[in-house]
Amino acid sequence: MSKFVSLKNQEQILSRIKELLKQKSFILLLGKSGSGKTLILKQLCKEFKALHQTQIFKNEKELQSFIEPILQSEHKPAILLDEVGMYDEKTLESVRIYSDDLSFVLSSHKRLKIFKKEHFKSRINAEFELKSLDYNELKTYIKAKHGLNFFQKELKLLYKIYQGNLRNIDKTLGSFKELHAFYKGQKSVKYILNLSAFENALLR
């Protein structure tokens, strides 16, 4: 998923985060895998002075090596950390301390135990959670991202494939386009969608 598609929930969250980052903030962005967290972080980098860090810091020393030069810079960008569920608690505690001087957006697929601790929770300015798309939102996503329109029975199948993970849709429709061109109208759209999902191990 490389293209940001404007959907109500995502757009509201993006807008609110941009507003908060006008001043020093410490923000959590939650959502299960494939919900669009990384796309929001990438979009923030396009629209706001921010650094999107996809590298997983294995320890406090690696984090320090990354943060210290930023602290010395004249114009300090917001730091967007992806997949912080992979960080150990000591490293996350260091992030909390650095938030005295820098803005952070922490992206995680779940609410970590450390987020619930009072000293950490009291530092958080806002918490946002990306919800699964409803049927109509998924239809909008498919049209905007892939330029495809489907009938209701086909959309119902895609919604089943979706399972709250937009990567499932992107992989399925990537295969669908290739297979649809290969069959040249000899197979139904629903047949090709099923085949595309099977090819990506998304249907049994």
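**Note on the predicted model: β1, the cores, α3 and Ser35**

1. Strands β1 and β4 run parallel and are joined by 5 bridges. One pairing in this set is Ile27 with Val105 of β4. The coordinates come from a predicted model, and the points below should be read on that basis.

2. β1 also pairs with β5, residues 126–129, again in the parallel sense, here over 4 bridges. In this pairing, the partner of Leu30 is Glu129 in β5.

3. How many of the residues of β1 are buried? The count is 5 of 5, and the strand is mostly covered. Phe26, Leu28 and Leu30 point one way, Ile27 and Leu29 point the other way, and both sets are buried.

4. On the overall layout, the protein has 10 helices and 5 strands. Its C-alpha atoms fill a box of roughly 60 × 30 × 30 Å along the principal axes. Of the 204 residues, 48% are buried. Taking contacts between residues at least 6 apart in sequence, 73% join residues at least 24 apart.

5. The largest nonpolar core holds 24 residues, and those with the most contacts inside it are Ile67, Leu81, Phe104, Leu106 and Phe115. Two or more residues each are supplied by β1 (26–30), α3 (60–72), β3 (78–81), α4 (89–98), β4 (104–108) and α5 (113–116). The largest share, 5 residues, is that of α3. A separate core of 23 residues lies apart from this one and includes Leu7, Leu138, Phe150 and Leu157. As background, nonpolar side chains in soluble globular proteins tend to be buried together.

6. Which residues does Leu81 contact, once neighbours within four places in sequence are set aside? The set is Leu41, Gln53, Phe57, Tyr87, Val95, Phe104, Val105, Leu106 and Ser107. Of these, Phe104 and Leu106 are also listed with Leu81 among the residues with the most contacts inside the core.

7. In α3, the buried residues include Leu63, Phe66, Ile67, Ile70 and Leu71. The general rule is that an α-helix has 3.6 residues a turn, so residues three or four places apart point the same way. The cover over the buried residues of α3 includes β2 (50–53), β3, α4 and β4.

8. The geometry of α3 has two items to note. The helix has a kink of about 25 degrees at Phe66, shortly before the proline Pro69. What end-to-end span should its 13 residues give at 1.5 Å a residue? The expected span is 18 Å, and the end C-alpha atoms are 18 Å apart, so the two values agree.

9. At the start of α3 there is a polar contact between a side chain and the backbone: a side-chain oxygen of Asn59 comes to within 3.1 Å of the backbone nitrogen of Lys61.

10. Ser35 sits in the loop between β1 and α2 (37–47). Is this loop residue buried or exposed? Ser35 counts as buried because its relative accessibility is 6%, against a cut-off of under 20%. A polar atom of the Ser35 side chain lies 2.8 Å from the backbone oxygen of Lys32. Beyond its neighbours within four places in sequence, Ser35 is in contact with Gln10, Leu130, Gly164 and Leu166.

Key
Residues are numbered from 1 along each chain as its sequence is written. This is a predicted model: local features need pLDDT of at least 70, side-chain atom pairs count only at pLDDT 80 or more; totals for chains, interfaces and linings use all residues. Side-chain values use heavy atoms; hydrogens and water are left out. A nonpolar core is a set of buried Ala, Val, Leu, Ile, Met, Phe, Trp, Tyr and Cys residues joined through side-chain atoms within 4.5 Å. Buried means under 20% relative accessible area, exposed over 50%, partly exposed in between (1.4 Å probe, protein chains only). Contact means heavy atoms within 4.5 Å. The expected span of a helix is 1.5 Å times one less than its number of residues. The bend at a residue is the angle between axes fitted to the seven residues ending there and the seven starting there. A polar contact is a pair of N or O atoms within 3.5 Å; within protein, one must be able to donate a hydrogen and the other to accept it, and residues adjacent in sequence count only if both atoms are side-chain atoms. Two strands pair if DSSP finds at least two bridges between them.
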